[in-house]
Amino acid sequence: MTVITIGKAPDNDYVVNHPQVSRHHARLVSDEQGCWFLEDLDSSNGTFVNGVQIVRKRVTPADTIRLGAEYSLNFSEVLKSKNDYTAEFKALKKVYDDYAREKVKIQSSNQFKTRLFQSLPFALPGIIGLIVSVAGNSNHGWVIGSLLLTVLAPVAGIYLGARQSAKIPQQLQDLTNQFKIDYVCPKCGTFLGDIPWESLRNKKHCPVSSCQAKWADD
């Protein structure tokens, strides 16, 4: 469990020098699941979450927190006072999951299109041949067209399949470039590689010695 005390007194973890804030105004407490709860410490002017006065309430970075009538508390900044970046790190799970899903989608889609372009032309001569046999051998135009198609269709299929295959590296490169921008330590900005989010969470902290940002509760 992590506790962050908030107030005007210098012995608080997060010191707020404001006339509406009590010496020991409130505290943030995390549970075993990593959820944060804001508790009022019998302050003079009250603690408010989304405009409602509270005694104890679960909070997230999306909530609006106010101490007294005027002071707005930035939840993310309070966590950073303890080098705590658990909320920002949690958001990286979606970044990794989206990247992995899109990567598989690109590879599967392009493989299907490539095989289609390469195999379909080989089937066309047979279809045309069937039409010619039904129409009769006296139709020389159909016969000549069928012969040309037999030669040209496979060539076209190979060409189109090669073009489709060439698209895969560029699409994957674009996806990877964006991933390298988004999948970084929320404090130091170091790229986290292709390591799954769950594996990084088990590390608890950023491995960069000059950072050591907290990613998950111990």
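# A walk through the predicted model

Strand 4 (residues 36-40) and strand 7 run antiparallel and are joined by four bridges, where strands are DSSP runs of E with at least two residues and helices are DSSP runs of H or I with at least four residues, both numbered from the N terminus, and where two strands pair if DSSP finds at least two bridges between them. Within this pairing, tryptophan 36 stands opposite valine 59 in strand 7. The model is a predicted one, in which local features need pLDDT of at least 70 and side-chain atom pairs count only at pLDDT 80 or more, while totals for chains, interfaces and linings use all residues. Residues are numbered from 1 along each chain as its sequence is written, and side-chain values use heavy atoms, with hydrogens and water left out.

The two strands just described belong to an open sheet of five strands, whose order is 2-1-3-4-7 and whose pairing is mixed. Its edges are formed by strand 2 and strand 7 (56-59), each of which pairs on one side only. Further into the order, strand 1 (residues 3-7) runs antiparallel to strand 3 (residues 26-30), with four bridges between them, and here threonine 5 stands opposite arginine 27 in strand 3. Strand 1 also pairs with strand 2 (residues 14-15), but in the parallel sense and over two bridges; in that pairing glycine 7 is placed opposite valine 15 in strand 2.

Seen as a whole, the chain has five helices and nine strands, and its elements run from the N terminus as β-β-β-β-β-β-β-β-β-α-α-α-α-α. Of its 218 residues, 36% count as buried, a word that here means under 20% relative accessible area, with exposed meaning over 50% and partly exposed the range in between (1.4 Å probe, protein chains only). If contact is taken to mean heavy atoms within 4.5 Å, then residues 24 or more positions apart account for 43% of the contacts in the chain with a separation of 6 or more. The chain exposes about 12,900 Å², of which carbon and sulfur atoms supply 56%; accessible areas come from the Shrake-Rupley method with a 1.4 Å probe, and for residues only the protein chains shown count as cover.

Two loop residues deserve a look at their backbone angles. Most residues other than glycine have a negative phi. Aspartate 42, in the loop between strand 4 and strand 5 (47-49), nevertheless has a positive phi of about 55° although it is not a glycine, and with a relative accessible area of 72% aspartate 42 is exposed. Asparagine 50, found in the loop between strand 5 and strand 6 (52-54), likewise has a positive phi of about 55° without being a glycine, but asparagine 50 counts as partly exposed, at 43% relative accessibility.

The cysteines come next. The structure holds zero disulfides, a disulfide being a pair of cysteine sulfur atoms within 2.5 Å. Cysteine 185 is accordingly in no disulfide, and the nearest cysteine sulfur, that of cysteine 188, is 3.7 Å away. Cysteine 185 counts as buried because its relative accessibility is 2%, and cysteine 35 is also buried, with a relative accessible area of 15%.

Towards the end of the chain, lysine 204 lies in the segment after helix 5 (197-203) and, at 27% relative accessibility, counts as partly exposed. The C-alpha atoms of lysine 204 and lysine 214 are separated by 6.1 Å, although the two residues are ten residues apart along the chain.
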